[in-house]
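Please look through the structure below with some patience, beginning with its strands and moving on to its interior.

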Amino acid sequence: MPLAPPTRNLFRLIGAFVIASMALGLLVAGLLVPAAGATGLLTKSSATFFDSLPSELSTPPPSENSRMLAADGSVITTFFEENRRTVSLDKISPFMQKAIVAIEDSRFYEHGGIDPKGLARAAVVNQITHRSSQGASTLTQQYVKNVLVEAAAVKGDDAGEDAARDKNAGRKVQEIRYAVALEKQLTKDEILNRYLNIASFGGTINGIEAAARYYFHTTAAKLTLPQAATLAGVVQLPGKYNPQQNPEAAVARRNVVLNRMLQLKVIDQAARDAAVASKLELDITPVANGCANTRHQQGYYCEYVRRLIIDGNGFTALGKTPEARENALKRGGLTIKTAMDPKIVTAAWKAVKMIPPKDKSNVSAATVTVEA
C-alpha cells in the first residue's frame, strides 16, 4: 500500500537529517578539524583524503581596465574584457560591506571558511527538493570560485571556466579545501575586500567600484544604504536581479537584503523603512571600451597607439605575441600616457574641411602642426 504524503515527507526528512549528519561528520569532524580527536576508519580516511587535496590557491589580482590618457591627463578611452576598478576596503561604503555579509554570509566573521550550519541546512533542503537549490557557500568559498573562474578566463580556457562553476561534489570539496587554507593566510577584511573587487554585478560589470559607477554614477565609497542593498542583492543571480534590465526584481531583492540587515540588527527600523520606501533611481553611466567609442577626432590617434602596442616590437614586455599583448591591454590595468594634445586635435579637426565618407573624388585632407 503506498505511503500517505505525510508519511513520505517524514521519511524524506529523516533521510535528509541523516545526509546532513553525514556531510557534517565528514566535512567538519573528519575533513576540516581532523586534529580535534575524531576517530574511526571513515573519519581518518576522509581526513587523509582532504589533506591530500591541493591547498595553495594562486590569487593574482583580477583583470582590470587599462586607460589611455592624453597629454593633459584626460582619459581618451579604456580597454577591458571585464569592466573593473580595484579599490581598497576603506574606499568601500560600510553600508556595502554590511549588506553583502548580511545577505550572502551572515556568519562570515565567525567561521573558518565553511559554515557548518549552512551546510546542514543546504543538505536538508536539497534532499527534500531533490535539486541543488541551496549551495551553502560562504563568502570565502565564493571568492575561491571566482578566482578559479577568473584564472581560466584569463587563459581563454572555456572548459576550465565550466569546471570552476560545476556543482559536483568533487569541485565543492576542493573549493572548501582552498577556502579553509585561505582563511589561515588572509584576514577577514582582506577576504571581504577581494571578494567585493572580483564579484560579478551583471554583464561586464565586475567589482563594486565599477558597479557603483555604472549603475549609480557614484563611487563605492559613497554608496548609500538603498544603493548598497541593491548591489548586494545582484551578486546571487546577476542576470535575474540586474537593476537595469529587471528593475522590479532588483527592488524586491533589495528589500530582502534590507530586511535581513534589520533582522541581524546592522540597521534599525527607521533606516530600513526609509530605504524600502526609496526609489531605485539608477543613473546608468557606460564606460567607453576601445577606440571606436572615443570622441570622433581622437579615435584615429587612439587606434594608432593601440596598434603600436599590439603589433609593434617595442612592447614585448607585455607579451611575446600580438594576442598576448592585446590580452594584457584588456586585462592588465595599464596606464598608457600619450603625447596627444586634445586642444590641438580639436582645433585641427575643425580647421579641415571634411570629405564625406562616400565621396568618389578620392580627395583627402590632412593637417600638420608645428611647434613654433
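A residue is called buried when its relative accessible area is under 20%, exposed when over 50% and partly exposed in between, with a 1.4 Å probe and protein chains only. This is a predicted model, in which local features need pLDDT of at least 70 and side-chain atom pairs count only at pLDDT 80 or more, while totals for chains, interfaces and linings use all residues. Residues are numbered from 1 along each chain as its sequence is written, and side-chain values use heavy atoms, with hydrogens and water left out.

Strands are DSSP runs (E, at least two residues), as helices are (H or I, at least four), numbered from the N terminus, and two strands pair if DSSP finds at least two bridges between them. Strand S1 (residues 66-69) runs antiparallel to S2, to which four bridges join it, and Arg67 has Thr78 of S2 as its bridge partner. Because four of the five residues of S2 (residues 75-79) are buried, this strand is largely enclosed by the rest of the structure.

Further along the chain is the largest nonpolar core, where a core is a set of buried Ala, Val, Leu, Ile, Met, Phe, Trp, Tyr and Cys residues joined through side-chain atoms within 4.5 Å. Among its 48 residues, Met96, Ile100, Phe201, Ile208 and Leu231 touch the most other members. Helix H9 (208-216) is one of the helices that each supply at least two residues of this core, and H9 gives the largest share, seven residues. Tyr214 is buried, with a relative accessible area of 14%, and Tyr215 is buried at 1%.
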